[in-house]
Amino acid sequence: MTTRFIKAATLLACAVFSTLALAQDDAPARVGRVSLSQGQVSISGEAGGEANAAQVNWPVTSHNRIVTARGARTEIRIGSTSLRLDGDTSLEVDELDDDSLRLRLDYGSVNVRIRNAETLPGFELTTPNGRVRMQEPGRMRVD
C-alpha cells in the first residue's frame, strides 16, 4: 500500500510542477516568418550569434537581425503585417511579442505594410535619424 501511495504522490507532484512550469513560461503567441528569400539573405539570433542563410518559413522573433546582400531581397510576415527588405539592408527585430513590434533599421530600405489597426499602437521603426510610427493602416517605405 505504501508503494502505491508513493507512486501516486510522485505522479501528482510531477503533474503539479509541470503545470506550474508551463504557467510561468509566458512565451508570446506572435512570431514572424520569412515568406520570401532571394539572393544572399542571412538571419542571426542574439548579439554575437552566428548568422544563418534565411530560408522560406524560417521563424523570426525578438533580437533577430536580418541582413540582405546587394541585389538580394526578402519579405517577413508577422500576422497581417509584412516587411520587405531591399538589397544591402540590415534590420533588427528589437521586440516582437503579443503587444508590440519594434524594429531598428541600421541601413538600407524597408517597405512596411500594416493591414490591421490593432497592430498600430505597438508598432515602431527606429532609424539612425529618427523614429517612425504609423497613424493608420497602410504602406510606407523607409530608406
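Biologist: Why is A69 called partly exposed?

Modeller: The model is a predicted one, and its relative accessible area for A69 is 24%. A residue is buried under 20% and exposed over 50%, with partly exposed in between. The value of 24% falls between these limits, so A69 is partly exposed.

Biologist: Where is A69 placed, and which residues does A69 touch beyond its neighbours within four places in sequence?

Modeller: A69 belongs to the loop between strand 5 (64-68) and strand 6. Apart from those neighbours, A69 is in contact with Q40, G87 and D88. A69 and D88 are 19 residues apart along the chain, and their C-alpha atoms are separated by 4.7 Å.

Biologist: What makes T74 count as buried?

Modeller: The relative accessibility of T74 is 3%. The limit for a buried residue is under 20%, so T74 is classed as buried. T74 has its place in strand 6. Leaving aside neighbours within four places in sequence, the contacts of T74 include V34, L36, I66 and L83.

Biologist: How do you know that the side chain of T74 makes a polar contact with L36?

Modeller: A polar atom of that side chain lies 2.5 Å from the backbone oxygen of L36. The cut-off for a polar contact is 3.5 Å, and 2.5 Å is within that cut-off, so the distance condition is met.

Biologist: How do you know that strand 1 (residues 32-38) pairs with strand 4 (residues 59-60)?

Modeller: The two strands are joined over 2 bridges, in the antiparallel sense. A pairing requires at least two bridges, so 2 bridges satisfy the requirement. One of the bridges has G32 with V60 of strand 4 as its partner. Strand 1 also pairs with strand 6 (residues 73-78), over 5 bridges and again in the antiparallel sense. There, R73 of strand 6 is the bridge partner of Q38.

Biologist: In what order do the 6 strands of the open sheet stand?

Modeller: The order is 4-1-6-7-10-13, and the pairing is antiparallel. Strand 4 and strand 13 (138-142) each have a single partner strand, so one side of each is left without a neighbour in the sheet. Strand 6 pairs with strand 7 (residues 81-85) over 5 bridges, and I76 stands opposite L83 of strand 7. Strand 7 is joined to strand 10 by 4 bridges, with N111 of strand 10 as the partner of R84. Strand 10 is joined to strand 13 by 5 bridges, and here R113 has R139 as its partner.

Biologist: Which side chains of strand 10 (residues 110-114) are buried?

Modeller: V110, V112 and I114 point to one face and are buried. N111 and R113 point to the other face and are not buried.

Biologist: Which residues have the most contacts inside the largest nonpolar core?

Modeller: They are L83, F123 and L125, in a core of 26 residues. Among the elements that give two or more residues to this core are strand 2 (41-44), strand 8 (89-96) and strand 11 (123-127). Apart from neighbours within four places in sequence, F123 is in contact with residues including L101, V112, I114 and M140.

Biologist: What makes E92 and R65 a salt bridge?

Modeller: Their closest N and O atoms are 2.6 Å apart. The cut-off is 4 Å, and 2.6 Å is within it, so the pair qualifies. E92 lies in strand 8 and R65 in strand 5, so the pair ties together parts that are 27 residues apart in sequence. E92 is buried at 12% relative accessible area, whereas R65, at 25%, is partly exposed.

Biologist: How far apart are the closest N and O atoms of D94 and R104?

Modeller: They are 3.3 Å apart; against the cut-off of 4 Å, this pair is therefore also a salt bridge. D94 is in strand 8 and R104 in strand 9, 10 residues apart. D94, at 18%, is buried, and R104, at 28%, is partly exposed. Salt bridges that share partners join R65, E92, D94, R104 and D106 into one network.

Biologist: Why is D143 called exposed?

Modeller: The relative accessible area of D143 is 64%. Exposed means over 50%, so D143 meets that condition. D143 forms a salt bridge with R141, with the closest N and O atoms 3.2 Å apart.

Methods:
Residues numbered from 1 in each chain as written. Predicted model: local features only at pLDDT ≥ 70, side-chain atom pairs only at ≥ 80, totals over all residues. Heavy atoms only, no water. Buried < 20%, exposed > 50% of the residue type's maximum accessible area, 1.4 Å probe, protein only. Polar contact = N/O pair within 3.5 Å; in protein donor to acceptor, adjacent residues only side chain to side chain. Contact = heavy atoms within 4.5 Å. Core = buried A, V, L, I, M, F, W, Y, C linked by side-chain atoms within 4.5 Å. Salt bridge = Lys/Arg side-chain N within 4 Å of Asp/Glu carboxyl O.
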